[in-house]
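Me: I would like to learn how to read a model that is new to me, one feature at a time. Could we go through the one shown here together?

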Amino acid sequence: MKRVTLPAGISGLQALLPIAILGAFTLGALAIWLPRGDVATASSATPATTLDRRLTDRNTRLAELVEATDTRPVFHGTRRPIAQAAPAAAPEPVLSLMGVISDSGEKIAFVRISTAPDLYSVGKGDRLGRWQIVDIGTEEVLVSKDGNDPVTLRIN
């Protein structure tokens, strides 16, 4: 058997010092990196519970969809779209007076129909859709709709 000899000036304790330091670092690293038993148990229990709840919710929703599919099969000759409510009727157009211009006795009114973006210039007696301009004042216009009694429009 071969005998190991230490270099001159190094004692046996001095030779063990690097090994002791390496051992201490190794134990410290193991203490940091290895999980503790109580922490591993608590962290693994929570996700499993959440996962079980999510799977139960998903299975419940799937059962509801299967039940709906049984009552209304997706691919069947008698299947028709679900009836939808009729859209609401469009609002009745309204005539609004925007302004009046007067020049040497002749008056022109600027009006707008609520369903159109345009501005119209009309004179006395003109027709605009269902409305007829009966009279134009300085700040108001007398309008008859469909031949009914005239209504006064004022500048907004």
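**Reading the model step by step**

Reply: Buried residues, meaning those under 20% relative accessible area (exposed is over 50%, partly exposed in between, with a 1.4 Å probe and protein chains only), make up 11% of the 156 residues in the protein chain. This is a predicted model, in which local features need pLDDT of at least 70 and side-chain atom pairs count only at pLDDT 80 or more, while totals for chains, interfaces and linings use all residues. Residues are numbered from 1 along each chain as its sequence is written, and side-chain values use heavy atoms, with hydrogens and water left out.

Me: Which helices and strands make up the secondary structure of the protein chain, and how do they run from the N terminus on?

Reply: Helices (H or I, at least four residues) and strands (E, at least two) are DSSP runs, numbered from the N terminus. Here the chain has two helices and seven strands, and from the N terminus the elements run α-α-β-β-β-β-β-β-β.

Me: How are the strands of the open sheet ordered?

Reply: Strands of a sheet pair through backbone hydrogen bonds, either parallel or antiparallel. Two strands are said to pair if DSSP finds at least two bridges between them. In this model, four strands form an open sheet in the order S4-S5-S6-S7, with antiparallel pairing. The edge strands are S4 (127–128) and S7, each of which pairs on one side only.

Me: How many bridges join S5 to S6, and which residues are bridge partners?

Reply: Five bridges join S5 (residues 131–136) to S6, and these two strands run antiparallel. Isoleucine 133 has valine 143 in S6 as its bridge partner, and isoleucine 136 is partnered by valine 141 in S6. The connection from S5 to S6 is a hairpin through three residues. S4 and S5 also pair in the antiparallel sense, over two bridges, with arginine 127 partnered by glutamine 132 in S5. These two strands form a hairpin with two residues between them, and glycine 129 in the turn has a positive phi of about 65 degrees.

Me: Which residues have a positive phi although they are not glycine?

Reply: Most residues other than glycine have a negative phi, and most peptide bonds are trans. One case is serine 104, with a positive phi of about 45 degrees; serine 104 sits in the loop between strand S1 (95–103) and strand S2 (106–113). Another is aspartate 146, with a positive phi of about 55 degrees, found in the loop between strand S6 (140–145) and strand S7 (151–154).

Me: Are serine 104 and aspartate 146 exposed or partly exposed?

Reply: Serine 104 counts as exposed because its relative accessible area is 75%. Aspartate 146 counts as partly exposed because its relative accessibility is 42%.

Me: Which residues form a nonpolar patch on the surface?

Reply: Accessible areas come from the Shrake-Rupley method with a 1.4 Å probe, and for residues only the protein chains shown count as cover. Patches are made of residues with over 30% relative accessible area and no salt bridge (a side-chain nitrogen of Lys or Arg within 4 Å of a carboxyl oxygen of Asp or Glu); like charges are joined within 9 Å, and nonpolar side chains (Val, Leu, Ile, Met, Phe, Trp, Tyr) within 5 Å. Here Leu13, Leu16 and Ile19 form the patch, with about 350 Å² of accessible area together. Leucine 13 belongs to helix H1 (residues 12–33) and is exposed because its relative accessible area is 72%.
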